[in-house]
Every structure is written in C-alpha cells, then in structure tokens.
Amino acid sequence: MAEKMPQIVCIGRQYGSGGREVGERLAKLLNIPCYDKVLVTETAIQSGLSEAFVKKEDETPGQSRWFLSGNPFADNAALTDAFYSGSQVTYDTQRDIIHQLAQRGPCVFVGRCAAAILDRSDVVSVFIYADEEDCIARVMQRNNLTAQEAAKRIKHVNRMRKKYHAFYADSDWGQPDSYDLMLSTSKLGIDGCVELIRDALNLPKEGASHE
C-alpha cells in the first residue's frame with residue numbers, strides 16, 4: 001500500500017512575505033479550506049471573548065511569563081496570571097479549534113503554530129519569507145504606510161511572532177530545522193511557492209496522466 005501523502009499544510013511566514021496569499025492560493029488550487037482569519041471569529045465565539053479582543057491577543061505570547069523575578073512566590077503568581085490571561089485563553093481555544101478543523105480533512109493553516117499543535121505525520125510545515133525590500137513594499141501598499149512605518153511594523157510583528165512561536169512551540173521560528181520547506185517569494189514568486197508546495201505533496205497536476 002502506498003504511503004499516505006501529507007494533506008494538511010501549515011504555513012509560518014515573515015510579515016509582508018505574502019505567506020497568507022500563498023496559503024490562500026494553495027487552498028484554492030487544491031480545493032480545500034484555508035484557515036486564518038476564520039480562527040479569530042471562531043475563537044471569539046468559543047472563548048466568550050470579544051472578536052476585537054481576540055484580534056488584539058492573537059499570536060501574542062503570555063507576556064508575564066517572559067519576566068520572572070527569581071522570587072518563587074512572585075513568579076508563581078506571575079505564572080498563574082499568565083495562564084489565565086486573555087492571550088492564554090485565546091491560544092487554548094485556537095489550539096482546540098485547530099485540532100477540530102484538522103479532523104475534518106485536508107486543509108491549509110496559516111500561522112498560529114499549527115504544525116507544532118498538530119504534530120501529525122500527515123502535516124507538512126512550510127515557512128515563507130522574502131527580501132526585506134519586498135516585505136516593505138508589500139506592507140506599504142497593503143497598509144498605506146511610508147517605508148519607515150512599514151519597516152517598523154515588520155520588525156515589531158516578526159518579533160512578536162518569534163516570541164509566540166518560542167513560547168508555544170518546541171522549535172525555532174524561521175529556522176530551517178523547524179520546517180519541511182522554506183520558500184522565498186522574492187525568488188520564486190507567490191505562484192512559484194504554491195507550485196513547489198503542491199509538488200512536495202506529490203499531488204498530480206491538472207491534465208497529468210494517472211497511469
């Protein structure tokens with residue numbers, strides 16, 4: 001019997017790299033769901049928090065755990081506060097939703113440490129990155145920002161994503177040994193990345209012989 005090919009794609013990405021667009025186009029090509037913004041709404045509903053609050057806390061680590069004082073009593077209080085913080089509730093609910101959605105069948109997840117959460121043999125993890133100037137240009141156009149404003153936002157968002165990943169995943173954000181594939185949209189383009197991911201899944205292309 002042939003080995004079952006990965007059917008769940010989890011995409012991590014630098015801010016401004018076009019990783020979300022890669023995920024959306026891949027899902028459309030494969031005719032499977034792409035989960036990103038929908039998780040925000042679902043998390044808000046299931047956690048009882050407002051959607052605006054979940055958007056603010058999304059991909060944000062439990063900050064108080066990053067600043068332990070060395071005092072065991074104070075640190076225990078800080079850890080308790082972090083565990084019950086809004087960001088922790090948001091993460092816990094998103095984690096449960098990711099497991100539920102993965103059980104439904106093939107899909108694409110963008111962000112949210114989905115690969116680390118699922119840790120399944122049918123998952124392929126991808127990291128999308130791009131040259132700094134391309135990220136800046138994309139963020140400038142998308143958010144109507146100056147180059148300086150875009151560069152500042154990129155640095156901040158990537159720093160938060162790195163902390164979030166380090167907090168919730170047992171791997172390093174943006175490092176080759178943490179992913180099955182690392183693809184540059186600057187070198188390959190959005191569609192080139194999509195094609196390479198599809199090829200990595202060993203899925204037939206349209207019109208190809210199945211003999």
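Helix 9, covering residues 185-200, falls short of its expected reach: with 16 residues, a straight helix at 1.5 Å a residue would span 22 Å, yet here the end C-alpha atoms sit only 16 Å apart. The model is a predicted one, and in it helix 9 bends by about 75° at Asp 191. At the N-terminal end there is a cap from Ser 184, with a side-chain oxygen 3.2 Å from the backbone nitrogen of Ser 186. After the helix comes Asn 202, which has a positive phi, near 55°.

As for what helix 9 tucks away, the buried residues are Thr 185, Ile 190, Cys 193, Val 194, Ile 197 and Arg 198. An α-helix has 3.6 residues a turn, so residues three or four places apart point the same way. The cover over the buried residues of helix 9 includes three strands, namely strand 1 (8-13), strand 4 (123-129) and strand 5 (181-184), along with helix 1 (19-30) and helix 7 (132-143).

Two of those buried helix 9 residues, Thr 185 and Ile 190, turn up again around Ser 17, a residue in the loop between strand 1 and helix 1. Ser 17 has a relative accessible area of 0%, so it counts as buried. Its side chain reaches the backbone oxygen of Gln 14 at 2.8 Å. Beyond the neighbours within four places in sequence, the contacts of Ser 17 also take in Ile 128, Tyr 129, Ala 130, Cys 135 and Arg 138.

Stepping back to the whole chain, the protein has 9 helices and 5 strands. Read from the N terminus, they come in the order β-α-β-α-α-α-α-β-α-β-α-α-β-α. Of the 211 residues, 44% are buried. The accessible surface is about 11,900 Å², and carbon and sulfur atoms account for 51% of that. Sequence-distant pairings are plentiful: taking contacts between residues at least 6 apart in sequence, 70% link residues at least 24 apart.

Next, the interior. In soluble globular proteins, nonpolar side chains tend to be buried together. The largest nonpolar core here holds 19 residues, and the members touching the most others are Ile 8, Cys 10, Ile 98, Phe 109 and Leu 118. At least two residues of this core come from each of strand 1, helix 5 (86-104), strand 3 (107-110), helix 6 (114-118) and helix 8 (147-168). Helix 5 gives the largest share, 5 residues. Apart from this core lies another, of 18 residues, including Ile 11, Val 22, Leu 26 and Leu 30.

Two of the best-connected members of the largest core deserve a closer look. Ile 8 lies in strand 1 and is buried because its relative accessibility is just 1%. Although Ile 8 and Val 124 are 116 residues apart in sequence, their C-alpha atoms are 6.4 Å apart in space. Setting aside neighbours within four places, Ile 8 is in contact with Ala 102, Gly 105, Cys 107, Phe 109, Leu 118, Arg 120, Asp 122, Val 123 and Val 124. With the same exclusion, Cys 10 is in contact with Phe 109, Ala 114, Ala 115, Leu 118, Val 123, Val 124, Ser 125 and Val 126. Phe 109, Leu 118, Val 123 and Val 124 thus appear in the contacts of both Ile 8 and Cys 10.

Terms used:
Residues are numbered from 1 along each chain as its sequence is written. This is a predicted model: local features need pLDDT of at least 70, side-chain atom pairs count only at pLDDT 80 or more; totals for chains, interfaces and linings use all residues. Side-chain values use heavy atoms; hydrogens and water are left out. Helices (H or I, at least four residues) and strands (E, at least two) are DSSP runs, numbered from the N terminus. Buried means under 20% relative accessible area, exposed over 50%, partly exposed in between (1.4 Å probe, protein chains only). Contact means heavy atoms within 4.5 Å. Accessible areas come from the Shrake-Rupley method with a 1.4 Å probe; for residues, only the protein chains shown count as cover. The expected span of a helix is 1.5 Å times one less than its number of residues. The bend at a residue is the angle between axes fitted to the seven residues ending there and the seven starting there. A polar contact is a pair of N or O atoms within 3.5 Å; within protein, one must be able to donate a hydrogen and the other to accept it, and residues adjacent in sequence count only if both atoms are side-chain atoms. A nonpolar core is a set of buried Ala, Val, Leu, Ile, Met, Phe, Trp, Tyr and Cys residues joined through side-chain atoms within 4.5 Å.
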